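Please read the following note with the model open beside it. The points are grouped by region and can be checked one at a time.

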Amino acid sequence: MIVNPTPEQRKELAAEVLAAADLDTLPPSKRHGGDVRRLQRKLTFGRGAVPSALASVVHLFLLYGDFARAYRVASVVERIDPETWDIDYNYVRGMIQDTAYEAHRLGYLAEASELQSWIRHPAGYTPPEILMNGSRLRHPFSEENMTEWRAQPVDMTSTIAGEGLMDLSTLGRMWLFGGSREWPRERIDAFYDETVERIKALPGWATWEGTGK
């Protein structure tokens, strides 16, 4: 772990992350998506940084089965000390936890064990009850939400997909910390699978090439 990073160490870590993501080897249709382009233009871990584009791209890696890239990125960002880097660490924690959950789902036990050893940063981190009881789930595909979305003159597809991706991340965190009475691991797994299916059933989301990301 890198504590009290120098400006040079911040730049070096950003370069390592980009090398781990290896964006130049993505197919052109994926390489030119919005979040990927933003990541290629600028990735910074400077003070106050919000690595949201990186987190979005890691979500896409996992959603479309590119675990290797997500794992490489997580293996780099785990060196960020949440107490001294002064960045929005929630995105970093999310990347590590999302990748750890997917490792469990794929049966990659060594990778899952390694990733899971990092998810309690800062030391002693315990998820809040509001997370574990499912209160943070957005349920974008509920009938109530779908009715509301249909009434709005916006790009419904991408908005619902974004909400669904946030639910996937929340579900992974819930699972890693053991689930709860309301949401045991079996229910989490089932709802995760259902959410993935619903995202990919949206127009343009069956494959990464069509997401516009």
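How many cavities of 30 Å³ or more does a search of the whole structure find?

1. The search finds 1 such cavity, where a cavity is, on a 1 Å grid over the protein atoms alone, a set of points at which a 1.4 Å probe fits but cannot get out. This is a predicted model, in which local features need pLDDT of at least 70 and side-chain atom pairs count only at pLDDT 80 or more, while totals for chains, interfaces and linings use all residues. Residues are numbered from 1 along each chain as its sequence is written, and side-chain values use heavy atoms, with hydrogens and water left out.

2. The largest cavity holds about 80 Å³ of space, a volume being the space filled by probe spheres set on grid points that are joined across faces, edges and corners. Its lining, made of residues with an atom within 4 Å of a point, consists of H59, L62, L63, D98, Y101, L165, L168, S169 and Y192. The elements giving two or more residues to this lining are α4, α6 and α10; helices here are DSSP runs of H or I with at least four residues, numbered from the N terminus.

3. The largest pocket contains about 620 Å³ of space, a pocket being an open set of points with protein on both sides within 12 Å along at least five of seven lines. It is lined by 25 residues, of which H59, N90, Y91, M166 and S169 are the closest to its centre. At least two lining residues come from each of α4, α6 (89–106) and α10 (156–176), and α6 supplies the largest share, 7 residues. H59 and S169 appear in the lining of the largest cavity and also among the residues closest to the centre of the largest pocket.

4. Helix α1 (residues 7–21) has 15 residues and should span 21 Å at 1.5 Å a residue, which agrees with the 22 Å between its end C-alpha atoms; the expected span is 1.5 Å times one less than the number of residues. Its buried residues are R10, L13, A14, V17, A20 and A21, buried meaning under 20% relative accessible area, exposed over 50% and partly exposed in between, with a 1.4 Å probe and protein chains only. These buried residues cover an arc of only 125° around the axis, which puts them on the same side of α1, the arc being that of the directions from the helix axis to the C-beta atoms. An α-helix has 3.6 residues a turn, so residues three or four places apart point the same way.

5. The buried residues of α1 pack against α4 (52–63) and α5 (67–77), contact meaning heavy atoms within 4.5 Å. On the face of α1 turned away from the buried side are the exposed residues K11 and A19. D22, which follows α1, has a positive phi near 50°.

6. What do the buried residues of α9 pack against? They are N145, M146 and W149, and they fall within an arc of 100° seen down the axis, so they line one face of the helix. Their packing partner is α10, whereas the exposed residues E143 and E144 are carried on the face of α9 turned away from the buried side.

7. The largest nonpolar core has 67 residues, among which F45 and L54 touch the most other members; such a core is a set of buried Ala, Val, Leu, Ile, Met, Phe, Trp, Tyr and Cys residues joined through side-chain atoms within 4.5 Å. Not counting residues up to four places away in sequence, L54 touches V17, L39, L43, F45, V73, V77 and M95.

8. Two residues of α11 (residues 185–201) deserve a look, beginning with T195, which is buried at 2% relative accessible area. Beyond its neighbours within four places in sequence, T195 is in contact with F141, G164, L168 and L171. F191 also lies in α11 and counts as buried at 16% relative accessibility; with the corresponding neighbours left aside, F191 contacts L137, H139, D167, L171 and W183.

9. Please check the backbone at two further positions. H139, in the loop between α8 (129–132) and α9 (143–150), has a positive phi of about 50° although it is not a glycine, and is partly exposed with a relative accessible area of 30%. N4, in the segment before α1, has a positive phi near 50° and counts as exposed at 55% relative accessibility.
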